[in-house]
Amino acid sequence: MFDLVLKNLKLLDYSDGVSLAIEDGKIAKISKSSIEGDKEIDLNGQLVLPGLIDPHVHFRDPGLTYKEDFRTGSMAAAHGGFTFVMDMPNTVPKTNTYKAFKEKQKIAESKSVVNFGLHAGYSTLEEMEKILELNPMSFKVFMDLENDDDLDKIFEDISNLSKKPIVTVHAEKRDIVLDSTEKLQEESEAIAYSYGRPAEAEDASVLQAIELSKKHGVDLHICHLSTRNAMNLAISNNISFEFTPHHLLYDNTAFNEFGTLIKTNPPLREKGKNITVKYLDGNSMIGTDHAPHSLEEKTKGVWDSSPGIPSLETVLSLLLTEVNRSNLDLNLIPKIFSENAAKRFNLENKGFIKEGFDADLVVVDLNKEGVFDMDNFYTKAEYSPFDGLSYKGKATMTIVNGEIIMEDDVLIG
């Protein structure tokens, strides 16, 4: 007898009417025949996908927990169908020492309702070597904060570590951003922000990152890629990257509707330079860059408002809506949300629905319609450019390590 059996479900690789058994947190059996379990749930033909994996979140814990913390952030993740998240290192203190990394691990272990990994910040060669013992997802380099000489030294140091980690980068060229922003300081319309950090800054930075990775033999991954030129550079050089939902679904004219609530780094791009849903393919990866701030911080004007958008609770429904509109192939959903991130970040036994793999799953009702309502979200953020937007397709159950933790919008336990 199995711990849990999901019956009458649909898998993309099977015909309808499949049963899936879970035992000791693992997928124990997938069958067209009847399976018995201690607990059985009839899913009435709903689609089951591998639990979503987000390689890029900011849970603000420690130091900035008034914006989000590992409890609320992971609850938002589970609500949106995510079973694994990777948190970025720009907290207070930065996660760039062994001590800070170890402390954040303890915080996450005590608060998180989903599985997690941590990205590390760059530091001294000695400190990064010690952090390697704790298996960071990557070392994150904020290229917009460093000059060229320092970037070369950072990449060189990382290349000299005993193990070769992935290097994730925020790719915007610092000198171009500083120059462009200075020229526009008198502008007060929110859209000016997109020209203060122009597409050219990202294109130049992606090219620089690729050149540095080749020079120093570093394994490179580009975060929140937002321009077509940068995408083509990455593809032609066989460099992995991730897309955010806001960059896929909005261009910079959205500033005229949402103002600074939609401000983020890199900013939304001009039509013709931006990426859209049509660029998603079997090699693509979604990273939400879930980055909450207080509402006060988001409304301080074009230059002083904080950049960041919360997306964990909206992104799956947004892209399932695109599927229902025939703008996106349903078969891409598990690839862009689960499989590719699991492979890229070496997550063993995750990202796929296979016997023996971890029972991290999301149940989806492709026909469920609704309207996003921030009042029903678990994030601490009080804003979203997707609030009030209609959707079709939604996560109805999230299972982590074989345990149901979200069902019908309610977090369990």
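A residue counts as buried when its relative accessible area is under 20%. In this predicted model, helix α11, residues 315–324, shows how far burial can go. Nine of the ten residues of α11 are buried, so the helix is largely enclosed by the rest of the structure. The buried ones are V315, L316, S317, L318, L319, L320, T321, E322 and V323. Their cover includes both strands and helices. Among the strands are β6 (52–57), β7 (82–87), β14 (361–371) and β15 (390–400). The helices include α9 (245–249) and α12 (333–344). After α11 comes S326, with a positive phi near 65 degrees.

The largest nonpolar core holds 70 residues. Within this core, V141, V169, I222, I333 and F337 touch the most other members. Helix α11 supplies five residues, the largest share of the core. A separate core has 20 residues, including A192, A254, I262 and F386. The contacts of V141 can be listed in detail, leaving aside neighbours within four places in sequence. V141 then meets Y122, L151, I154, F155 and I158. Its contacts also include V167, T168, V169 and H170.

H170 appears again at the largest pocket, as one of the lining residues that lie nearest its centre. The others in that group are H58, N90, F142 and L145. The pocket encloses about 570 Å³ of space, and 26 residues line it. Of these, 13 are polar, seven are nonpolar and six are charged.

Aromatic rings form ten pairs in the model. One pair joins F70 and F116. Their ring centres are 5.7 Å apart and their planes meet at 65 degrees, so the pair is edge-to-face; the cut-off for this class is over 60 degrees. F70 belongs to helix α1 (residues 70–79) and F116 to strand β8 (residues 115–118), so the pair ties together parts 46 residues apart in sequence. The two residues can also be described by burial. F70 has 0% relative accessibility and is therefore buried. F116, at 23%, counts as partly exposed. Together with F59, F70 and F116 form one aromatic cluster.

A second pair joins Y193 and W303. Here the ring centres lie 6.0 Å apart and the planes are at 50 degrees, so the pair is tilted. Y193 sits in helix α6 (residues 192–196), and W303 in the loop between α10 (255–258) and α11, so the pair links parts 110 residues apart in sequence. Both Y193 and W303 are buried.

The backbone has some features of note in its loops. The peptide bond from D61 to P62 is cis, with omega near 10 degrees. P62 is placed in the loop between β6 and α1. Another cis bond runs from N265 to P266, with omega near -5 degrees. P266 falls in the loop between α10 and α11.

Positive phi values occur at D24 and N346, neither of which is glycine. For D24, phi is near 55 degrees. This residue is found in the loop between β2 (18–23) and β3 (26–31). D24 has 64% relative accessibility, so it counts as exposed. For N346, phi is also near 55 degrees. N346 lies in the loop between α12 and β14. With a relative accessible area of 62%, N346 is exposed.

Notes. Residues are numbered from 1 along each chain as its sequence is written. This is a predicted model: local features need pLDDT of at least 70, side-chain atom pairs count only at pLDDT 80 or more; totals for chains, interfaces and linings use all residues. Side-chain values use heavy atoms; hydrogens and water are left out. A nonpolar core is a set of buried Ala, Val, Leu, Ile, Met, Phe, Trp, Tyr and Cys residues joined through side-chain atoms within 4.5 Å. Buried means under 20% relative accessible area, exposed over 50%, partly exposed in between (1.4 Å probe, protein chains only). Helices (H or I, at least four residues) and strands (E, at least two) are DSSP runs, numbered from the N terminus. Contact means heavy atoms within 4.5 Å. On a 1 Å grid over the protein atoms alone, a cavity is a set of points where a 1.4 Å probe fits but cannot get out, and a pocket is an open set with protein on both sides within 12 Å along at least five of seven lines; lining residues have an atom within 4 Å of a point. Grid points are joined across faces, edges and corners, and a volume is the space filled by probe spheres set on the points. Ala, Val, Leu, Ile, Met, Phe, Trp, Tyr, Cys and Pro count as nonpolar, Asp, Glu, Lys and Arg as charged, and the others, Gly among them, as polar. Rings of Phe, Tyr and Trp (its six-membered ring) pair if their centres lie within 6.5 Å; planes under 30 degrees apart count as stacked, over 60 as edge-to-face and the rest as tilted.
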